[in-house]
Amino acid sequence: MPRPRVYVTRRIPRPGIDLLAKTCDVEVNPDDRPLSREELLDNIAGRDGVLCLLTDRMDARAFDACPGLKGLANYAVGYDNIDVAEATKRGVPISNTPDVLTDATAEMAWALLFAAARRVVESDRVMRAGAWKGWGPLQFVGGDVGGAVLGIAGAGRIGTAMALKSRGFGMKVLYFDRVRSERLEKELGARQVEFDDLLAESDYISIHCPLNEQTRHLFGREQFAKMKTSAYLINTARGPIINEAELVEALRSGAIAGAGLDVYEFEPETAGGLAALDNVVLAAHTGSATRSSRTNMALKAASNLIAMLNGDQAPDCVNPDVYRGGRV
Ligand code: GLV
Ligand code: GLV
């Protein structure tokens, strides 16, 4: 049997490529930058398998470009970059990389929470500018974390991990999710609440839901108005869950105290005025960026792709319906 032809849309940690190369003919985008749309369509043409990134839009036109595709492995847990309904219609299985980035992303949410609450980046800027005049009782006063109310929007794997890590800080935990989390209730005494109660009662809200039509702009002007003026919003999920232009207004007007963001509505751009504000910490979509997490994502995406190319169900298939139709 000829070796399957696989395309990897950007360099990923070596162990993933090495694993694929054992059984497949692998070509990797040689440049460490996202492919343009045209380059993507050209390069995936005629491939049996594709390993793509969250920055690659995989829609009907992309699937048209590689009609023989037997599997698409996304190097991310979120897969809003892929038109899954379209893939399913065509019998193409899709996989993602859950679990291996859960702790890394939850830790990043904590890093942003502390950085925003304790004004770490803002005071760093003052220090670097040589503008610090020495200690002062009224300087850089921020939010209390210990004993505060932590609101989790989306209690999946990452939201749960974020919440569980609050134990050291003795926080009261609320969560908003369609599904009840017995684990959070049992281990933390967490309470499932309506979205409006999450907004009204939380001192910190951390977003951990997937991006879809129900969650797009879940947070906008109206929601910021319902939050405490002393509250902070943390987003390590997907940018478009927040109306970013309206967040700029809320941060500017003091409707909320601050924000810590790792993701943006129109990456790599940020909304006008956002970068000029002192009460927001801006990270560069680095939630999963730890050595072990990024390497394990590469291994996971590669093993999923290999399974799909063998005609087996991928361990992390997000559209298992494709296997029911007997198309693969
Ligand atoms: C990163 O954003 C991911 O979804 O894995
Ligand atoms: C994703 O890993 C999630 O369930 O939060």
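# Exercises on a two-domain chain

Domain 1 and domain 2 bury about 580 Å² between them, and 47% of this area is on carbon and sulfur atoms. In domain 1, Leu54, Asp80 and Asp99 lose the most area to domain 2, together 62% of what that side buries. The model is predicted, and the exercises below work through its domains, a helix, a buried side chain and several salt bridges.

**Exercise 1. Describe how domain 1 and domain 2 meet.**

Solution.

Step 1. Locate the domains. Domain 1 covers residues 5–100 and 291–323, while domain 2 covers 102–282. Their centres, taken over C-alpha atoms, are 31 Å apart.

Step 2. Look at the contacts. Nine residues of domain 1 touch six residues of domain 2.

Step 3. Look for charge pairs and polar contacts. The rule finds one salt bridge across this interface. Asp80 and Arg238 form a salt bridge through their side chains, at 2.9 Å from N to O. Three residue pairs are in polar contact across the interface. On the side of domain 1 that touches domain 2, five residues are nonpolar, two are polar and two are charged.

**Exercise 2. Decide whether Asn235 is buried or exposed, and list what surrounds this residue.**

Solution.

Step 1. Asn235 belongs to strand 10.

Step 2. Its relative accessible area is 1%. Buried means under 20%, so Asn235 is buried.

Step 3. Leaving aside neighbours within four places in sequence, Asn235 contacts Leu112, Ile207, Ile242, Gly260, Leu261, Asp262 and Val263.

Step 4. Check the polar atoms of the Asn235 side chain. One lies 2.9 Å from the backbone nitrogen of Ala237. The backbone oxygen of Arg238 is 3.2 Å from a polar atom of this side chain.

**Exercise 3. Describe helix 11 from its start to the residue just after it, and state what its buried residues pack against.**

Solution.

Step 1. At the start of the helix, a side-chain oxygen of Asn243 comes within 3.3 Å of the backbone nitrogen of Ala245.

Step 2. Helix 11 spans residues 244–253, and its buried residues are Glu244, Glu246, Leu247, Val248, Ala250 and Leu251.

Step 3. These buried residues pack against helix 10, strand 10, strand 11 and strand 12. Gln223 sits in helix 10, which runs over residues 221–226. With 15% relative accessibility, Gln223 counts as buried. Not counting residues up to four places away in sequence, Gln223 touches Phe195, Leu199 and Leu218.

Step 4. Just after the helix, Gly254 has a positive phi of about 85 degrees.

**Exercise 4. Find which parts of the chain the salt bridge of Lys165 and Asp103 links, and classify both residues by accessibility.**

Solution.

Step 1. Side chains of opposite charge can pair when their charged atoms come close. The distance from N to O in the salt bridge of Lys165 and Asp103 is 3.0 Å.

Step 2. Lys165 is in the loop between helix 7 and strand 7, and Asp103 is in helix 5; the two residues are 62 residues apart, so the pair links distant parts of the chain.

Step 3. Lys165 has 30% relative accessibility and counts as partly exposed. Asp103, at 42%, is also partly exposed.

**Exercise 5. State how many salt bridges the rule counts, and give examples.**

Solution.

Step 1. The count is 32 salt bridges.

Step 2. One of them joins Glu39 and Arg33 at 2.9 Å, N to O. Glu39 is partly exposed at 26%, and Arg33 is partly exposed at 34%.

Step 3. Another joins Arg57 and Asp59 at 2.7 Å, N to O. Asp59 counts as buried, with 16% relative accessibility.

Step 4. Asp64, Glu86, Lys89 and Arg90 form a network of salt bridges.

Key
Residues are numbered from 1 along each chain as its sequence is written. Chains are lettered from A and ligands numbered from 1 in the order in which they are written. This is a predicted model: local features need pLDDT of at least 70, side-chain atom pairs count only at pLDDT 80 or more; totals for chains, interfaces and linings use all residues. Side-chain values use heavy atoms; hydrogens and water are left out. Domain bounds come from an automatic or database domain assignment. Contact means heavy atoms within 4.5 Å. Buried area is the accessible area (1.4 Å probe) that two parts lose on being put together, summed over both. A salt bridge is a side-chain nitrogen of Lys or Arg within 4 Å of a carboxyl oxygen of Asp or Glu. A polar contact is a pair of N or O atoms within 3.5 Å; within protein, one must be able to donate a hydrogen and the other to accept it, and residues adjacent in sequence count only if both atoms are side-chain atoms. Ala, Val, Leu, Ile, Met, Phe, Trp, Tyr, Cys and Pro count as nonpolar, Asp, Glu, Lys and Arg as charged, and the others, Gly among them, as polar. Helices (H or I, at least four residues) and strands (E, at least two) are DSSP runs, numbered from the N terminus. Buried means under 20% relative accessible area, exposed over 50%, partly exposed in between (1.4 Å probe, protein chains only).
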